[in-house]
Amino acid sequence: MTTRPVRTAVAVAVLMLGAAACSSSGGGDPLAAKSPAAQGGSGKTVVVGSANFPENVLLASIYSQALQAKGVKVEEKFNIGSREVLYGQLQSGALTVLPEYNGALLGYLDAKSTATGKDAVNTELTAKLPAGLGILDSAAAEDKDSLTVTQETADRLGVKSIADLAGKAQDLVIGGPPEFKSRREQQFKDAYGLTFKEWKPTADTTANALKDGTVQVGNVFTTDPKIVQLKLVSLNDPKNLFSSQNVTPLVNKAGLDATGTAALNAVSAKLDTAGLTALMKRVAVDKEDPSTVAKDWLKTNGLN
């Protein structure tokens, strides 16, 4: 499974532009020691953290503003770093809430897990988490591997899912990261009976390669803004070849009350992949402030 997070150079550039605007801490060390009143277990302040890539900052801003709309006192600690750092901060109570991806988090806790669907992943994840941590409702939104085609190819071949490529794959060139063939070729044969005409290492240019016809099928993350920008179509994966990567709040349970839990579950109930992809276009392509994009989404969905 391709691990999360993996971002393009564009996304990294956006992170550098948006980092200062996205944090309410006013700069400084986001991992600095916190006063007792701000600790996650105090019940006085909910500390919302994020990893250091634009999509996670956007999700954290949505969580933060949704909590504040319900009268919860919030402190933001965005752009902290990798899961290894964030997980420890959540365990210690320095953070209360973190936007996570359920499949990637399960892989971090149990590299041997073979769970794929959302429910199976969340069941295993709940069992693996220590007593002080928990997950809330997962959103339908996922940032995961996909097989993607242009709208023209989807219409011409009449395909909506990976299964629909049966009997057609032998005439199609597939693109993706250099390691994509070694990781997935046999899986596509076993799960869907697919043998592609050729595999091309297109790396970060996969979406553009689809658009210019260099490849007809490509491995693109489902919230890549180019899906919207270039009018691409991610094919359904009925056999869950790609593990679930649902956006899921990971929380320090002692620091979040029923009001906060309900606010975050309401966000998950409204957030889907198409919507998150559209939001990421505004952040990564249009260069809008993630906090503004988050505010607009909450207002549109009646959560402000």
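Two residues are said to be in contact when heavy atoms of the two lie within 4.5 Å. In this predicted model, T222 is in contact with E142, D143, K144, D145, S146, I227, S234, T273 and T277, its neighbours within four places in sequence being left aside. T222 belongs to the loop between β8 (217-219) and α9 (226-229). Its relative accessible area is 11%, and T222 therefore counts as buried, the cut-off being under 20%. The side chain of T222 also has a polar atom that lies 2.6 Å from the backbone oxygen of E142.

The protein as a whole has 304 residues, of which 52% count as buried. Its chain forms 12 helices and 10 strands. When contacts between residues at least 6 apart in sequence are considered, 77% of them join residues at least 24 apart. The accessible surface amounts to about 13,000 Å², and carbon and sulfur atoms account for 51% of that surface.

Two of the contact partners of T222, namely S234 and T277, were examined further. T277 is part of helix α11. With a relative accessibility of 3%, T277 is buried. Apart from neighbours within four places in sequence, T277 contacts T222, T223, D224, P225, I227 and V228.

S234 is located in strand β9. Its relative accessible area is 25%, so S234 is classed as partly exposed. Beyond residues up to four places away in sequence, S234 touches S146, L147, T148, T222 and I227. Two polar contacts link the side chain of S234 to other side chains: one to S146, at 3.4 Å, and one to T148, at 3.1 Å. The C-alpha atoms of S234 and Q151 are 9.5 Å apart, while the two residues are separated by 83 residues in sequence.

L235 lies in the loop between β9 (232-234) and β10. Its relative accessibility is 5%, and for that reason L235 counts as buried. The residues that L235 touches, other than those up to four places away in sequence, are L147, V149, V159, K160, S161, I162 and L165. One of these, L147, is 88 residues from L235 along the chain, and the two C-alpha atoms are 5.7 Å apart. L147 is also among the residues touched by S234.

Strand β2 covers residues 74-81, and seven of its eight residues are buried, so the strand is largely enclosed by the rest of the structure. Strand β1 (residues 46-51) runs parallel to β2 and is joined to it by five bridges. One bridge pairs V46 with V74 of β2. Between the two strands the chain passes through α2, and the resulting β-α-β crossover is right-handed.

Strand β2 also contains N79. This residue is not a glycine, yet its phi is positive, at about 60°. Most residues other than glycine have a negative phi. N79 has a relative accessible area of 16%, so it counts as buried. A positive phi in a residue other than glycine is also found at K287, where the value is near 65°. K287 is placed in the loop between α11 (273-285) and α12.

Helix α10 consists of 13 residues, 258-270. From its first C-alpha to its last, α10 reaches 19 Å, which is close to the 18 Å expected at 1.5 Å a residue. The N-terminal end of α10 is capped by D257, a side-chain oxygen of which lies 3.1 Å from the backbone nitrogen of T259. Within the helix, the buried residues are G260, A263, L264, N265, V267 and S268. The cover over these buried residues includes two helices, α2 (54-69) and α12 (290-300), together with strands β3 (97-101) and β10 (247-252). Helix α2, which forms part of this cover, is the helix through which the chain crosses from β1 to β2.

Terms used:
Residues are numbered from 1 along each chain as its sequence is written. This is a predicted model: local features need pLDDT of at least 70, side-chain atom pairs count only at pLDDT 80 or more; totals for chains, interfaces and linings use all residues. Side-chain values use heavy atoms; hydrogens and water are left out. Helices (H or I, at least four residues) and strands (E, at least two) are DSSP runs, numbered from the N terminus. The expected span of a helix is 1.5 Å times one less than its number of residues. Buried means under 20% relative accessible area, exposed over 50%, partly exposed in between (1.4 Å probe, protein chains only). A polar contact is a pair of N or O atoms within 3.5 Å; within protein, one must be able to donate a hydrogen and the other to accept it, and residues adjacent in sequence count only if both atoms are side-chain atoms. Accessible areas come from the Shrake-Rupley method with a 1.4 Å probe; for residues, only the protein chains shown count as cover. Two strands pair if DSSP finds at least two bridges between them. A crossover is right-handed if, with the strands pointing away from the viewer, the path from the first strand over the helix to the second runs clockwise.
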